[in-house]
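Here are some notes on the model you sent, in numbered points. Please keep the structure open while reading them.

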Amino acid sequence: MRILIFLLTILLSANNAQSIETTNLKIFANDDFKTIPVRVYIVKADKSHNLNAEISHNEAVNVFNIVNIIWRQAGIHFEIESIVNLQASNEDQYIAARKRKDRKMKVMRDVCDIPKQSKGVLNLCVVGQMSNNSGGVSFKSTKPKVVWPIALRNGKKPLNPATLAHEFGHFLGLPHNTEKDIFLMRGSGNNMLRNKQFNTIQLTESEIVKARKMAIKLFH
C-alpha cells in the first residue's frame with residue numbers, strides 16, 4: 001500500500017508540474033507518437049525470495065505512467081500489452097552470483113528465459129532484485145529483453161520508474177552519456193539515486209532522433 005501511495009503521489013505531482021524544459025526540442029502531437037507494446041513477465045522463484053517479484057497490476061500501470069511522462073518528450077509511448085507470470089530459470093546461478101557479488105549480467109538473462117519469446121513486443125522481465133546492485137539491464141542478443149528489479153539489492157528505492165525508463169533507452173540503442181544529472185541516459189547509477197521529480201528528466205535531441213528511428217525499425 002505504501003508503494004502504491006508513493007507512486008500515485010509522484011504521478012499526481014508530475015501531472016500538475018510545469019512541462020519539461022524542452023528548448024529546441026520538438027513537441028510531438030498525438031498522431032506522431034510511436035507506441036511500443038510491452039509484454040511484462042513477473043518472475044516467480046521457488047528458491048530465492050530476492051528473485052521473486054511481487055507487483056500488482058495497478059503498481060505496474062502506475063510505473064508505466066511515469067515512464068511515459070519521461071518519454072513523451074521523444075514522442076514514444078510504452079504500452080502494457082499483457083502481464084504474465086514467468087517461472088524463474090537457473091535459480092542456483094542467481095543465488096551463487098549474489099553471494100559472490102558478481103557484476104556480470106549474464107545470470108539475469110539466464111534467469112529470465114522466456115519460452116517462445118515474441119519479436120512483436122518489447123519483453124520486460126520483472127524480478128525482485130538483481131544479482132548485483134544495478135537498476136536493470138537490457139539484452140540485445142538472440143532473445144532481446146529488458147530485466148528490471150522492483151528494488152535495489154539493499155531493498156531501497158522500490159519501483160523506481162527512472163531506472164526502467166533508462167533501460168528502455170538502452171533497448172532503443174542509446175548508450176550512456178556524460179551530460180548533467182538531469183539527463184536520462186547519464187551513467188554511473190545516476191537514475192538509481194533519483195527521488196521524485198521524474199517529470200524533469202531529459203533526453204538530448206540526438207537521443208530522441210536515434211530512439212525514434214529504432215522504435216520504428218523494431219516495432220513498425
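1. A definition comes first: a crossover is called right-handed if, with the strands pointing away from the viewer, the path from the first strand over the helix to the second runs clockwise. In this predicted model, strand 1, helix 2 (residues 57-71) and strand 2 make a right-handed β-α-β unit.

2. How do strand 1 and strand 2 run, and how many bridges join them? Strand 2 covers residues 76-87; the two strands run parallel and are joined by 11 bridges. One pair to look up is valine 43 with its bridge partner leucine 86 in strand 2.

3. Strand 1 also pairs with strand 3 (residues 122-127), again in parallel, through 5 bridges. Two positions help to place this pairing. Valine 38 has leucine 122 of strand 3 as its bridge partner, and tyrosine 41 stands opposite cysteine 125 in strand 3. Strand 1 is thus a good place to begin tracing, as bridges join it to strand 2 and to strand 3.

4. From strand 3 the pairing continues to strand 5 (residues 145-149), with 4 bridges between the two parallel strands. Cysteine 125 appears here too: its bridge partner in strand 5 is valine 147.

5. Is strand 1 mostly covered or mostly open? Strand 1, residues 34-44, is mostly covered, with 8 of its 11 residues buried. In strand 3, 6 of its 6 residues are buried.

6. In a regular strand the side chains alternate between the two faces of the sheet. Strand 3 can be read with that in mind. Leu122, Leu124 and Val126 point one way, while Asn123, Cys125 and Val127 point the other way, and all are buried. Buried here means under 20% relative accessible area.

7. The next points concern empty space. Rolling a probe the size of a water molecule over the atoms shows where empty space is left. The largest pocket holds about 250 Å³ of space. It is lined by 17 residues, and those closest to its centre are Gly135, His166, Glu167, His176 and Gly189.

8. Which elements give two or more residues to the lining of the largest pocket? They are strand 4 (137-139) and helix 5 (161-171). Helix 5 gives the largest share, 4 residues.

9. The lining of the largest pocket divides into 2 nonpolar, 13 polar and 2 charged residues. When checking this division, remember that Gly is counted among the polar residues.

Note on methods. Residues numbered from 1 in each chain as written. Predicted model: local features only at pLDDT ≥ 70, side-chain atom pairs only at ≥ 80, totals over all residues. Heavy atoms only, no water. Buried < 20%, exposed > 50% of the residue type's maximum accessible area, 1.4 Å probe, protein only. Pairing = 2+ DSSP bridges. 1 Å grid on protein atoms, 1.4 Å probe; cavity = no way out; pocket = protein on both sides within 12 Å on 5 of 7 lines; lining within 4 Å. Points joined across faces, edges and corners; volume = space filled by probe spheres on them.
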